[in-house]
Every structure is written in structure tokens, then in C-alpha cells.
Amino acid sequence: MTILRLQNVYGPGQSLTNSYTGIVALFSQLARAGLPIPVYEDGGIVRDFVYIDDVADAIALVASSDREVAHEVLDIGSGIPTTIGELAGVLADFYGAPEPTVTGKFRYGDVRHAACDISPTVDTLGWTAKWGLAQGIDGLQRWISEEIAHTEAQG
Amino acid sequence: MTPGPPSLSVQTVFYHNDQRLALRALDAIANAVRYARSAGSIGDWSLVIGDCGDSATLDDSAASALAAAVARCGGEFDYQIFGANLGTAAGHNRLAQRSSSDLMLILNPDGTVGFNLVDVLAAEFRSRVGIAEARQLPFEHPKHYHPDTGQTSWASTACAMTSRSVFDRVAGFDAETFFLYCDDVDYSWRVRLAGYDVVYQPAARFFHDKRLTLECEVQTSDAEDYYSAEAALLLAYKYSRRDVLTEIRRLFGATDREYMRRALASFDQRVADGRLPMQIDPHHTVAQFTEGGYAVKRY
């Protein structure tokens with residue numbers, strides 16, 4: 001049995017409205033609208049953002065593998081810890097939006113650090129994350145533009 | 001306590017910890033202190049670290065960066081290299097002497113505090129509360145606590161706050177008797193014997209890196225196995241439970257588990273050397289010895 005622990009997955013196909021699963025998409029829409037992105041705490045909350053194509057590759061690799069495994073747990077992430085402040089900055093730069101605003105607000109239940117070491121996964125599966133954050137952000141924005149254009153075309 | 005928000009010292013003891021993980025834990029502490037200070041629940045604060053390792057957990061660069069981070073949150077930073085493995089009881093006693101804060105947050109370096117932990121625990125120090133314990137996650141301790149008051153048998157200093165006055169009144173941890181493990185059980189029971197409450201506050205969250213096996217059993221280290229076994233004998237003796245001590249001796253004498261036999265040999269050596277603690281709680285008013293623990297369990 002192989003258990004894959006997915007980190008913060010983002011990319012084409014994700015919800016554009018659910019704030020609990022789509023912080024990248026949520027921030028993207030704020031920046032796209034030219035609004036400053038509000039960042040909680042001091043902007044130092046850490047997450048691992050992994051692009052959907054990398055996750056799909058990992059799942060396909062495990063599902064098609066004929067390895068004999070009693071039990072294993074593998075982290076699927078980019079392997080690069082990113083602060084929420086850094087993410088907001090990348091998105092603001094992408095759209096030329098104002099600098100993100102550090103609000104100092106806190107949200108109950110938020111974990112300060114949630115990232116992973118993917119080296120055991122790389123060693124075990126021969127898989128690695130191919131999408132960097134900047135490339136992934138670009139991919140997501142193109143999909144969001146298409147989604148919005150499609151919605152508008154439908155009236 | 002002094003007028004205004006109480007002062008706080010946050011103290012932890014290193015022993016060959018991973019620097020990256022330690023810095024991550026300490027960043028979360030600074031974050032929680034920032035929140036508590038903004039809420040007005042604590043005033044001056046310090047981060048006091050003792051290092052029991054043969055080599056320092058923090059290199060000079062990391063220590064300087066940490067000192068700067070603490071200063072940005074209005075605190076003072078103190079990093080003591082002990083030069084010997086003092087254990088947690090003696091280590092925390094020594095760190096306690098390095099500050100005079102009203103409150104002390106004692107915690108392990110292998111966990112991460114939630115942002116509101118300091119604020120929530122500090123609020124517990126109404127009259128007669130001596131220790132307030134955080135909830136550990138993901139493996140929550142199953143001990144019983146009063147649903148309204150939070151009163152409980154003992155508090156784990158994996159993450160707990162205590163008042164300076166109570167700590168001083170009971171003379172801190174019993175480092176002569178306990179090295180690792182159960183120093184907090186003993187401290188809690190002496191605090192209760194002194195007339196103070198030990199309370200559990202589940203709204204304060206501490207993400208402790210404790211893992212379960214596939215069979216849902218807690219994974220323990222060799223040190224935890226041995227020192228917990230040694231402490232079981234010493235607690236039973238110290239809290240005047242001849243019946244419990246006799247039963248543990250019988251079990252440890254009959255087992256093939258090496259660490260239990262070694263713990264029994266250590267106890268017998270203390271008996272021979274006359275190094276046993278003074279017996280207290282003769283009427284069994286605070287100490288609870290239950291199967292596999294020191295509190296009635298709620299599940």
C-alpha cells in the first residue's frame with residue numbers, strides 16, 4: 001500500500017471560489033483585479049505549493065507501478081518551502097498589482113509551517129517535481145483567463 | 001504579579017536537535033508571542049534556550065538570526081551551552097534561574113505552537129492556577145480533565161505554562177530524582193499539594209512530532225522507555241505507594257525487557273546508596289497511579 005501525502009496542490013481545474021482549497025487561485029483573482037493581496041500574520045506562514053501536473057505524474061507512476069510494497073508514505077510536493085508573503089509577491093508582480101498588504105490578522109487552525117522533504121519520494125519513485133512556482137503560476141493564470149473568457153462567452 | 005501584563009520567559013532544552021526544525025519551532029513561538037503581545041496578554045518576554053548536546057544545535061549564524069528575530073518581537077534572547085547532558089529537570093531549573101518573569105512557558109523543541117497558544121495559556125492564570133497545559137496534536141493525551149475548569153491530574157511540560165511564584169514555592173523540578181520523563185508529573189503533583197490547580201486548556205495547540213505505528217501505538221525512543229521505567233519506580237516510592245512499588249518491582253523483576261531490568265537495578269542501587277527522595281503525599285491526596293499512567297483516562 002502506498003499513501004501519497006499531497007501538499008498544497010494548485011493549477012488548472014481547481015476551484016476559483018473555495019478559499020480553503022485555493023489560496024493560489026484566490027490570490028490570483030485579487031491580483032488580476034488590480035487589488036492588493038491581504039496576507040495574514042506576518043506573511044511568514046510556510047506552505048509547499050505543488051503543480052497539478054506534477055501530482056498527476058506521481059499518482060500515475062504509483063498506480064502503474066508493479067513494485068511490491070507492504071506500506072509506504074510518500075510526500076508529493078515541490079520540496080521548496082514558500083511563505084505566503086512570497087507567493088503573494090509573485091502574483092502581484094505577475095499582474096503588476098499593488099504590493100501585498102500584511103494584515104497581522106490570524107485565522108484559527110492555521111498551521112505556521114506545512115512543507116515537506118521530497119527526497120525519499122524522489123529516491124523511491126524516480127519522480128521529481130518539474131514545475132517551479134513561477135512557471136506554475138503562469139500556467140494557472142492562462143487557465144483562469146480561459147475560464148473567465150469561456151464564462152463570459154456563455155453570457 | 002506586577003501591574004500590567006505579566007512578563008514571560010519561554011524556555012526549552014536542546015539535545016542534538018535538527019537546527020532547521022528547531023528554528024522552525026522557534027519561529028512559531030515568536031509568532032505566538034507577537035500575537036499575545038498584540039492582544040495585551042503578556043508584556044516583556046525572553047526566549048531562553050539551554051543546550052545539553054556535545055555540539056551546539058544552533059550555529060553562530062542561526063543564533064544571531066534568532067536573536068534578531070526575537071528582538072524584532074520585543075524580546076531578549078539567551079542561548080546557554082550547558083556542556084553536559086543535564087536532562088530536562090535540571091536543564092529547566094537552570095534556565096528558570098536566568099529570568100525573573102511572572103510566567104514561564106516550558107516546552108520541547110520538537111513541536112510547533114499554534115499562534116494563539118501563549119495568549120490562551122496566559123489567560124488561565126486566574127487565582128490558584130499553578131500550571132496550564134496545552135493540547136498536544138496529533139496524538140492527544142487521553143487523561144481526564146474537568147470539562148468546565150480544565151482541572152487535571154498532571155500537566156506535560158512538553159508544552160505547559162507555569163507561574164514563577166508557584167515554581168519557586170515548590171523549588172522547581174526535582175532534578176535529584178528525575179532526569180528525563182515524569183519530572184513534570186512530579187512537579188504537577190507537588191504544585192497540587194501546595195494548593196494550586198493544574199489545568200488543561202485544549203484551545204492551546206502544540207503540534208508535537210510524536211508518531212504512531214500502523215498498529216496505532218506510540219513510537220517511543222530507547223531513552224523514553226528507560227527513563228519512564230526508572231521514573232515509575234521513583235514516583236511510586238516518592239508518593240508513598242508501597243503497593244504500586246511492589247507491583248512494579250515484581251513486573252520489572254520478571255520481565256525479559258532489558259530496559260526494565262536496568263531501571264530496577266538503578267532503583268536498587270539508589271536504595272543501597274541512600275539516594276531515594278523524601279516520601280510525600282502519605283494520604284494519597286494528589287497522586288494517581290492507573291494502569292500505564294498517572295491519571296484516569298477519558299478514553
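# Cavities, salt bridges and backbone outliers

Q: Which residues line the second largest cavity?
A: Chain A supplies Glu41(A), Asp110(A), Val111(A) and Arg112(A). Chain B supplies Ala28(B), Asn31(B), Val113(B), Gly114(B) and Phe115(B). The model is a predicted one.

Q: What makes this second largest space a cavity?
A: A 1.4 Å probe fits there but cannot get out, so the term cavity applies. The volume of the second largest cavity is about 40 Å³. The search of the whole structure, with a floor of 30 Å³, finds two cavities.

Q: How do you know the class make-up of the lining of the second largest cavity?
A: Asp, Glu, Lys and Arg count as charged. Glu41(A), Asp110(A) and Arg112(A) are in the lining, and the charged count is three. Asn31(B) and Gly114(B) also line the space; Gly counts as polar by the class rule, and the polar count is two. Four nonpolar residues complete the tally.

Q: What lines the largest cavity?
A: This cavity holds about 50 Å³ of space. Its lining consists of Thr12(B), Phe14(B), Ala22(B), Ala25(B), Leu26(B), Ile29(B), Leu107(B), Asn108(B), Pro109(B) and Gly111(B). By class that is seven nonpolar, three polar and no charged residues.

Q: Which element gives the most to the lining of the largest cavity?
A: Helix α1(B) does, with four residues. Both β1 (8-14) and α1 (19-39) of chain B supply at least two residues each.

Q: Why does the pair Arg5(A) and Asp75(A) count as a salt bridge?
A: The cut-off is 4 Å between a side-chain nitrogen of Lys or Arg and a carboxyl oxygen of Asp or Glu. The closest N and O atoms of Arg5(A) and Asp75(A) are 2.8 Å apart. The pair therefore meets the rule. Arg5(A) lies in strand β1 and Asp75(A) in strand β6 (residues 72-76) of chain A, so the bridge ties together parts that are 70 residues apart in sequence.

Q: Is Asp75(A) buried or exposed?
A: Buried means under 20% relative accessible area. Asp75(A) has 14%, so Asp75(A) counts as buried. Its partner Arg5(A) has 43% and is therefore partly exposed.

Q: How do you know that Asp243(B) and Arg241(B) form a salt bridge?
A: Their N to O distance is 2.9 Å, and the limit is 4 Å. Arg241(B) is buried, with a relative accessible area of 18%. Asp243(B) is at 49%, which puts it in the partly exposed class.

Q: What makes Arg275(B) and Asp273(B) a salt bridge?
A: The N to O value is 3.5 Å. The rule allows pairs within 4 Å, so this pair passes. Arg275(B) has 41% relative accessibility and is partly exposed. Asp273(B) also has 41% and is partly exposed.

Q: Which residues are linked in a network of salt bridges?
A: The network contains Glu41(A), Asp42(A), Arg112(A), Asp27(B) and Arg34(B). Over all chains the count comes to 23 salt bridges.

Q: Why can Ile3(A) belong to a nonpolar surface patch?
A: Patch residues need over 30% relative accessible area. Ile3(A) has 35%, so Ile3(A) clears that bar and counts as partly exposed. Met1(A), Ile3(A) and Val73(A) together make a patch of about 250 Å². Ile3(A) is placed in strand β1 (residues 2-6) of chain A.

Q: What is the peptide bond between Leu137(B) and Pro138(B)?
A: The bond is cis, with omega about 5°. Pro138(B) sits in the loop between β6 (129-137) and β7 (159-163) of chain B.

Q: What is phi of Cys182(B)?
A: Phi is near 70°, a positive value in a residue other than glycine. Cys182(B) is in the loop between α5 (164-169) and α6 (183-193) of chain B. Its relative accessible area is 9%, under the 20% limit, so Cys182(B) is buried.

Q: Why is His284(B) called partly exposed?
A: Partly exposed falls between the 20% and 50% limits. His284(B) has 38% relative accessibility, so the label fits. The residue follows α9 (258-273) of chain B. Its phi is also positive, near 55°.

Q: How many helices and strands are there in chain A?
A: Chain A has five helices and nine strands. Of its 155 residues, 37% count as buried. The C-alpha trace spans about 50 × 40 × 25 Å along the principal axes.

Technical notes: Residues are numbered from 1 along each chain as its sequence is written. Chains are lettered from A and ligands numbered from 1 in the order in which they are written. This is a predicted model: local features need pLDDT of at least 70, side-chain atom pairs count only at pLDDT 80 or more; totals for chains, interfaces and linings use all residues. Side-chain values use heavy atoms; hydrogens and water are left out. On a 1 Å grid over the protein atoms alone, a cavity is a set of points where a 1.4 Å probe fits but cannot get out, and a pocket is an open set with protein on both sides within 12 Å along at least five of seven lines; lining residues have an atom within 4 Å of a point. Grid points are joined across faces, edges and corners, and a volume is the space filled by probe spheres set on the points. Patches are made of residues with over 30% relative accessible area and no salt bridge: like charges are joined within 9 Å, nonpolar side chains (Val, Leu, Ile, Met, Phe, Trp, Tyr) within 5 Å. Accessible areas come from the Shrake-Rupley method with a 1.4 Å probe; for residues, only the protein chains shown count as cover. Buried means under 20% relative accessible area, exposed over 50%, partly exposed in between (1.4 Å probe, protein chains only).
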